[in-house]
Amino acid sequence: MCRNVRMSGVVALACLLAMPASESRAEAASCPAQIPLGLTTALTGNLALLGTQARNGVEFAVDEINASGGIAGKKLVLATEDTGASSTDALNAMNRIVDGKPLVIFGSMISPHVFAQTESVTKSETPFVVGATNAKVTAQGSKWLFRTHVHDGQLATLIPEYLIKTLKKSKPGIMAVADDYGLGASKGIQAALAALNVTPVAVTSYAPSDKDMSAQLLEIKDKGADSLILFGRPADVALVMKQMGALGISLTLIGNASTVAQTTLNNLSASEADGAYAIGGMIPQTSTDPKILDWARRVQEKYKVPADNFTVSYYDTVYMLKSIIEKVGCDKTAIRDALAATSDWQGLLIAYKADSAGDLAHTLGIYRNKGKTAELIGPIKEAGY
C-alpha cells in the first residue's frame, strides 16, 4: 500500500510515520549510534518569519522519528545554525555546520544564502537539500545539491499563463522584492508575458526592508493596470496588500504562495485578503484531509507559527532521507545517488521526482483567498510532469 503513489493523504501520512519491522534496517544498522544532521536557516533578523519554517519542518520530523525509535534504533541529532539575514553570516553558519561533519545538511529557502554556501558544502561532499526558490540554485553545477520545494522558474511561467489565459487579464503590473529571489522571478515573469504577447504596464520593486510601497502601487494603478503580479515574502506581501486596501486600489492580485500563506493572512483583515490568487507550494491548511489538518494543528501548537508550504517540504525531506538511509545506510555518496534517483516518493501532499538538475518538486497549488481563508482551486504541474 505504501508504494502506491496515488494513495490518499491519510494513507500517505500513515506511511510516513510507520516503520514496518519487516523491511530490513541492515544498512541503517551500520550507521553511528547518533546520526548527525545539520541545518542553517534564518532564525533572527527580517527573514526569521520565513526561516523558522525550515527549522519547524525539519525539527518536527526529527522529533517524530526519534520518538518512534529512530532509524534502526539510531537517533537523529540535529545541529542548527542561525544565518540571520546576511549571506556572509550564512556562509559562516554553514562552515560551522560542516565542521561538525553531518551526514546531510539542510539549507534554507533564502536563495542568496544558499548561493553563498554551495561551494563550501560541495567541497565537503555532503548531500545538501534546500528549499531556496531562485531557479538558478540547482544550476550551479553541484552534484551534491538538491531542492525539494518548487522554484520561481516554475512560477514565472505558470502565474502569467493563469492570469492571462484563465483570469483573462491583459494589462498586468509587476512588483517584486528587490533581491535575487524577487528580481529573478520578475525577470522570468516578464519573459513569460512576452511569450504570451503581453507587455506589463509597469515593472517595479521594493527593498526587503521597505515599509512603504505606496509609490510603486500608485504607479501601477496610474498606468492603467488591470492586475498585479506580486512576488515577495509573507511580511512584505502583507504590507503591500494592506496598502492596496488603504489606497483604494482594486486590482486582481496574483503572486507566489506568500499571498495566501497563513502567516500573511494573520496580518490582514478579511477585506484586505479577499480575492487574491496565488500559485505555489502546497499549503496544508487548504487540505480537506483531517490527518493533514491535524498535522498542521500540531505544528502550530508546538511552534506558535502556522505551518506553510516550506514547513511541508522540509518535513517531507526528512522522511524522504529516512527512507533512503534505511536502504543505503549512512554513506554520503550513496545517499546523494539515491536522492538523484528519487521517483514518485509520496510526501504529505505531493509526490517527489528528481530531474537532472536535482529538483524534486513539480506539483504546485492554485489558491484563492476567501476572506482570510485560503482555498485550493486545484493542483497544477510543471510541463512534462
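Two strands count as paired if DSSP finds at least two bridges between them. The exercises below use this criterion on a predicted model.

**Exercise 1. The five-stranded sheet**

Task: Give the strand order of the open sheet of five strands, and state which strands stand at the edges.

Solution.
- Step 1. The order is E2-E1-E3-E4-E5, and the pairing is parallel.
- Step 2. Strand E2 (75-82) and strand E5 (145-147) each have a single partner strand, so one side of each lacks a neighbour in the sheet. These two are the edge strands.
- Step 3. On average, neighbouring strands of this sheet are turned by 25 degrees against each other, with direction ignored.

Task: Over how many bridges do E3 and E4 pair, and which residue in E4 stands opposite Ile-105?

Solution.
- Step 1. E3 pairs with strand E4 (residues 128-130) in the parallel sense, over two bridges.
- Step 2. Opposite Ile-105 stands Phe-128 in E4.

**Exercise 2. Helices on the five-stranded sheet**

Task: State which strands H3 touches and which strands H4 lies across.

Solution.
- Step 1. H3 packs on the sheet and touches strand E1 (34-41), E2, E3 and E4. The direction of H3 makes about 155 degrees with that of E2.
- Step 2. H4 lies across E1, E3, E4 and E5, and runs at about 165 degrees to E4.

Task: Describe how H3 and H4 pack against each other.

Solution.
- Step 1. Two packed helices are described by the angle between their axes and the distance between the axes.
- Step 2. The axes of helix H3 (residues 87-99) and helix H4 (residues 111-124) cross at roughly 25 degrees and come within 8 Å.
- Step 3. Angles under 35 degrees count as roughly parallel. H3 and H4 are therefore roughly parallel to each other.
- Step 4. The crossing in which H3 passes H4 is right-handed.
- Step 5. From H3, Ser-87, Ala-90, Leu-91, Met-94, Asn-95 and Val-98 take part; they meet Pro-112, His-113, Ala-116, Gln-117, Ser-120, Val-121 and Ser-124 in H4.
- Step 6. Seven of the residues in this contact are nonpolar, six are polar and none is charged.

**Exercise 3. A second helix pair**

Task: Give the angle, axis distance and handedness for H2 and H12, then the make-up of their contact.

Solution.
- Step 1. Helix H2 (residues 48-67) packs with helix H12 (residues 309-328) at an angle of about 35 degrees, and their axes are 7 Å apart.
- Step 2. H2 and H12 cross in the right-handed sense.
- Step 3. H2 contributes residues including Leu-50, Phe-60 and Ile-65, while those of H12 include Phe-310, Tyr-314 and Lys-322.
- Step 4. The contact residues of H2 with H12 comprise twelve nonpolar, four polar and two charged.

**Exercise 4. The seven-stranded sheet**

Task: Give the strand order of the open sheet of seven strands and name the edge strands.

Solution.
- Step 1. The order is E7-E6-E8-E9-E10-E13-E14, with mixed pairing.
- Step 2. Strand E7 (202-206) and strand E14 (373-381) are the edge strands, since each pairs on one side only.
- Step 3. Neighbouring strands here are turned by 20 degrees against each other on average, direction ignored.

Task: Trace the pairing of E8 with E9, and say where the E9 residues point.

Solution.
- Step 1. Strand E8 (residues 227-231) and strand E9 (residues 252-255) pair in the parallel sense over four bridges.
- Step 2. Ser-227 has Thr-252 as its bridge partner in E9, and Leu-228 has Leu-253.
- Step 3. In a regular strand the side chains alternate between the two faces of the sheet.
- Step 4. In E9, Thr-252 and Ile-254 point one way, Leu-253 and Gly-255 point the other way, and all are buried.

**Exercise 5. Positive phi in loops**

Task: Where do Lys-101 and Asn-197 lie, and are they buried or exposed?

Solution.
- Step 1. Most residues other than glycine have a negative phi.
- Step 2. Lys-101 has a positive phi, near 55 degrees, and lies in the loop between H3 and strand E3 (104-106).
- Step 3. Asn-197 also has a positive phi, about 65 degrees; Asn-197 is in the loop between helix H6 (180-195) and E7.
- Step 4. A residue is exposed if its relative accessible area is over 50%. Lys-101, at 65% relative accessibility, is therefore exposed. Asn-197 has a relative accessible area of 73%, so Asn-197 is exposed.

Note on methods:
Residues numbered from 1 in each chain as written. Predicted model: local features only at pLDDT ≥ 70, side-chain atom pairs only at ≥ 80, totals over all residues. Heavy atoms only, no water. Axes fitted to C-alpha atoms, helices over the stretch in contact; angles between N-to-C directions. Parallel < 35°, antiparallel > 145°, perpendicular 65-115°, else oblique. Left-handed = near helix turned anticlockwise from the far one by under 90°. Contact = heavy atoms within 4.5 Å. Nonpolar A, V, L, I, M, F, W, Y, C, P; charged D, E, K, R; others polar. Buried < 20%, exposed > 50% of the residue type's maximum accessible area, 1.4 Å probe, protein only.
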